[in-house]
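Trainee: Could you show me the model and explain how its labels are earned?
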Amino acid sequence: MKLLRRGAAAAIAAAAASMLASPAQSETVKVGMPIPVTLTDLGYYAFGEELGFFKQEGLDLRIIVFKGSGKMVPQVATKKLDIGWALPGALFKSYQPGRTRLPVVYYYNIMPTWVLQLAVPASSDIKTVADLKGKKIGIGALTWGTIPMLKARLKDAGLEVGKNVELAAVGILGSGWLALKRDQVQALDYNNTWHDMFEATGAEIRRLPIKDKFHNLFTNGFMAHRDLFESKRDTLVKFARGMAKSSIACQENPGACVKAFWRKHPNMKPKGDEAKNLPGAIRMANNRLELMRIPAENAVGKLGHWPRKSFEYYVDAYYESGWITTRDIEIDKMYTNDLIADINAFDESEVRGKARAAK
């Protein structure tokens, strides 16, 4: 027995020496996005990378952009992506009777409120959603996963697409803004940051009021194939932990967070003097971070927790919009909070300290 113990000890020592001699290789994680990365749409990951949060977890992120959740979610379902940042429309539709259920599960609630906003020119006489009767609403693409919720909001106001209101695919950012300026559409259904960016160009717009039952929906969350919760559980935890640290760091030092994003994505940096552009960018970051800080109802105080109520809201909205044909949906199989404790297993004060020291 003593010989066996000495042999085991020697083997362990040799393995440890080998690990010290050569740095461990990072694991590449493929993450799908339904829209381009912007400062507030996952952009805080760039700050996390600079602060070493993902390197600390042994991860190397590869972010792949698709045109809408409808295009991206199937890539998660076939394991071509490790993780998807997506809306739940395709998942809900697959849970209807007679359908083949998508084998994906939500595991980290990164955006607990609805960030899509209907905006119109400030000079428009459109004051409410109901006032959009007979109008045309601009959206990025007809594959966007936000469309069912938009239809639900419209139906709630007595409107129906194809009958008394129309949707038009106008692309993202500049092309959509131009369509609104030229009155090709009378409203845009974009996320709050894209509207902020539009205003930063000098445009004057007005957001239409949104009811609580729509505002209290999560927007995008992190999902993965059901099999990965066994085969790659640690990877899922490490990725979400890195994102949790990154979002906290951005809250602590939004100025440094913005600069890190610009360094990572120089094409997204506004032209002109950085010092003059920085305050506006910080306002955009803070506007989104404020929405991210709003605790979901019945949350346990931990980042990423899924409240069941949010999925119940989706059942109602999707049913009213006609996206699903039944309210009999097994929502408890769509999400899990089983990884939340491990994801939150880090020293928040240490994260905030690193963020404060960043430039």
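Mentor: Here are some labels, each set against its cut-off.

Mentor: This is a predicted model, where local features need pLDDT of at least 70, side-chain atom pairs count only at pLDDT 80 or more, and totals for chains, interfaces and linings use all residues. Residues are numbered from 1 along each chain as its sequence is written, and side-chain values use heavy atoms, with hydrogens and water left out.

Trainee: Why is α7 called roughly perpendicular to α8?

Mentor: The axes of α7 (residues 174-181) and α8 (residues 192-200) cross at roughly 65 degrees and come within 11 Å. Angles of 65 to 115 degrees count as roughly perpendicular, under 35 as roughly parallel, over 145 as roughly antiparallel and the rest as oblique, so α7 is roughly perpendicular to α8. The axes are lines fitted to C-alpha atoms over the stretch in contact, and angles run from 0 to 180 degrees between N-to-C directions. As for the names, helices (H or I, at least four residues) and strands (E, at least two) are DSSP runs numbered from the N terminus.

Trainee: Which residues of α7 and α8 meet?

Mentor: W177, L180 and K181 from α7, with W194, M197 and F198 from α8; contact means heavy atoms within 4.5 Å. Sorted by class, that contact has five nonpolar residues, no polar and one charged. Ala, Val, Leu, Ile, Met, Phe, Trp, Tyr, Cys and Pro count as nonpolar, Asp, Glu, Lys and Arg as charged, and the others, Gly among them, as polar.

Trainee: What makes α11 and α16 oblique to each other?

Mentor: Their axes cross at roughly 50 degrees and come within 8 Å, with α11 covering residues 233-252 and α16 residues 348-357. That angle is in none of the other classes, so α11 and α16 are oblique. On the α11 side, the contact includes K245 and I248, and on the α16 side V351 and R352 are among the residues met. Its residues divide into four nonpolar, one polar and five charged.

Trainee: And what makes α6 and α14 roughly perpendicular?

Mentor: α6 (residues 147-156) and α14 (residues 308-321) pack at about 75 degrees, their axes 8 Å apart. Since that angle is in the perpendicular range, α6 and α14 are roughly perpendicular to each other. By class, their contact has six nonpolar, one polar and three charged residues.

Trainee: How do you know that C250 and C257 form a disulfide?

Mentor: Their sulfur atoms are 2.2 Å apart, and a disulfide is a pair of cysteine sulfur atoms within 2.5 Å, so C250 and C257 qualify. A search of the whole structure finds one disulfide. The link of C250 and C257 is left-handed, with -95 degrees about the S-S bond.

Trainee: Is G84 buried or exposed?

Mentor: Buried means under 20% relative accessible area, exposed over 50% and partly exposed in between (1.4 Å probe, protein chains only). G84 has 0% relative accessibility, so G84 counts as buried. This glycine is in strand β3, and leaving aside neighbours within four places in sequence, its contacts include M72, V76 and F222.

Trainee: Why is K79 called partly exposed?

Mentor: K79 has 42% relative accessibility, and therefore counts as partly exposed. K79 is in the loop between α4 (69-77) and β3 (83-86), and its phi is near 65 degrees, a positive value in a residue other than glycine.

Trainee: What is worth noting about a positive phi?

Mentor: Most residues other than glycine have a negative phi. D183, in the loop between α7 and β8 (187-191), also has a positive phi of about 65 degrees although it is not a glycine.
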